[in-house]
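Okay, thanks everyone for coming. I'd like to walk you through one model today, so let's put it on the screen.

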Amino acid sequence: MDEVTTTVAAPPETVWALVTDITRMGEWSPENTGGTWTGGATGPAPGARFIGRNRKGWVRWSTRCRVVECAEPSRFAFTVAENRMTWGWRLEPADGGTRLTQWRDRTAPPNVAVRALVASGLLGRDREQLMVDGMHRTVAAVKAAAER
């Protein structure tokens with residue numbers, strides 16, 4: 001499991017509104033360009049589904065995601081069908097603000113298409129390190145947005 005944590009000078013409710021708005025994730029993530037709720041979902045809720053959109057250089061792809069944990073304003077997590085990764089956020093009151101942690105954990109090996117794409121190098125030579133670096137950038141960007 002990988003985790004990145006920071007302290008944000010904003011209340012958990014403010015930070016929660018940002019990290020659970022999958023339509024805006026492209027504002028903070030270096031790879032995700034946003035998402036669209038599907039199947040009648042209009043926001044974060046257990047079992048809600050969404051399509052995530054991503055890009056790395058000229059490569060573009062979509063992912064099918066399902067919310068697996070949603071406890072406002074403290075926990076939000078979703079699984080990605082294609083790479084079998086679970087991504088999540090933990091928010092804890094801290095020092096008049098929020099201790100914000102983004103985490104990811106592989107729940108099973110990715111499907112064959114994802115393995116082939118990663119092996120091709122089109123998404124970067126050290127994909128795992130690129131993902132962790134992206135988490136650092138995302139957390140820093142969420143912090144900056146919440147503190148504005």
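Let me start with a quick one: which residue in strand 4 does Arg 49 stand opposite? Arg 49 faces another arginine there, Arg 66.

Before going on, the small print. This is a predicted model, where local features need pLDDT of at least 70 and side-chain atom pairs count only at pLDDT 80 or more, while totals for chains, interfaces and linings use all residues. Residues are numbered from 1 along each chain as its sequence is written, and side-chain values use heavy atoms, with hydrogens and water left out.

Confidence next, and pLDDT is the predictor's confidence in each residue, from 0 to 100. The chain has a mean pLDDT of 90, with 86% of its residues at 70 or more. Among the elements, helix 1 has the highest mean, 97, and helix 2, residues 112-120, the lowest, 62.

Now the layout. The chain has three helices and seven strands; these are DSSP runs numbered from the N terminus, helices being H or I with at least four residues and strands E with at least two. Reading from the N terminus, you get β-α-β-β-β-β-β-β-α-α.

The seven strands make an open sheet with antiparallel pairing, in the order 1-7-6-5-4-3-2. Pairing here means that DSSP finds at least two bridges between two strands. The edges are strand 1 (2-8) and strand 2 (32-38), each pairing on one side only. From one strand to the next, the twist averages 25°. Axes are lines fitted to C-alpha atoms, for helices over the stretch in contact, and angles run from 0 to 180 degrees between N-to-C directions.

Back to our arginines for a second: strand 3 (residues 49-56) and strand 4 (residues 59-71) run antiparallel and are joined by eight bridges.

What packs on the sheet? That's helix 1, residues 12-19, which touches strand 1, strand 4, strand 5 (75-80), strand 6 (85-94) and strand 7 (97-106). A contact is heavy atoms within 4.5 Å. The direction of helix 1 makes about 165° with that of strand 6.

Also on helix 1 you'll find Glu 13, which at 48% relative accessibility is partly exposed. Buried means under 20% relative accessible area, exposed over 50%, and partly exposed is in between, using a 1.4 Å probe and protein chains only. The C-alpha atoms of Glu 13 and Gly 97 are separated by 9.9 Å, with their positions 84 residues apart along the chain.

On to the aromatics. The whole structure has four aromatic pairs. Rings of Phe, Tyr and Trp (its six-membered ring) pair if their centres lie within 6.5 Å; planes under 30 degrees apart are stacked, over 60 edge-to-face, and the rest tilted.

Take Trp 16 and Phe 76: their ring centres are 6.2 Å apart and their planes sit at 80°, so that pair is edge-to-face. Trp 16 is in helix 1 and Phe 76 in strand 5, so the pair ties together parts 60 residues apart in sequence. Phe 76 also pairs with Phe 78, with centres 6.1 Å apart and planes at 50°, so this one is tilted.

Buried or exposed, these three, Trp 16, Phe 76 and Phe 78? Trp 16 is buried at 5%, Phe 76 is buried at 1%, and Phe 78 is buried at 14%. Together with Trp 37 and Phe 50, they form one aromatic cluster.

And for the whole chain, 45% of the 148 residues are buried.
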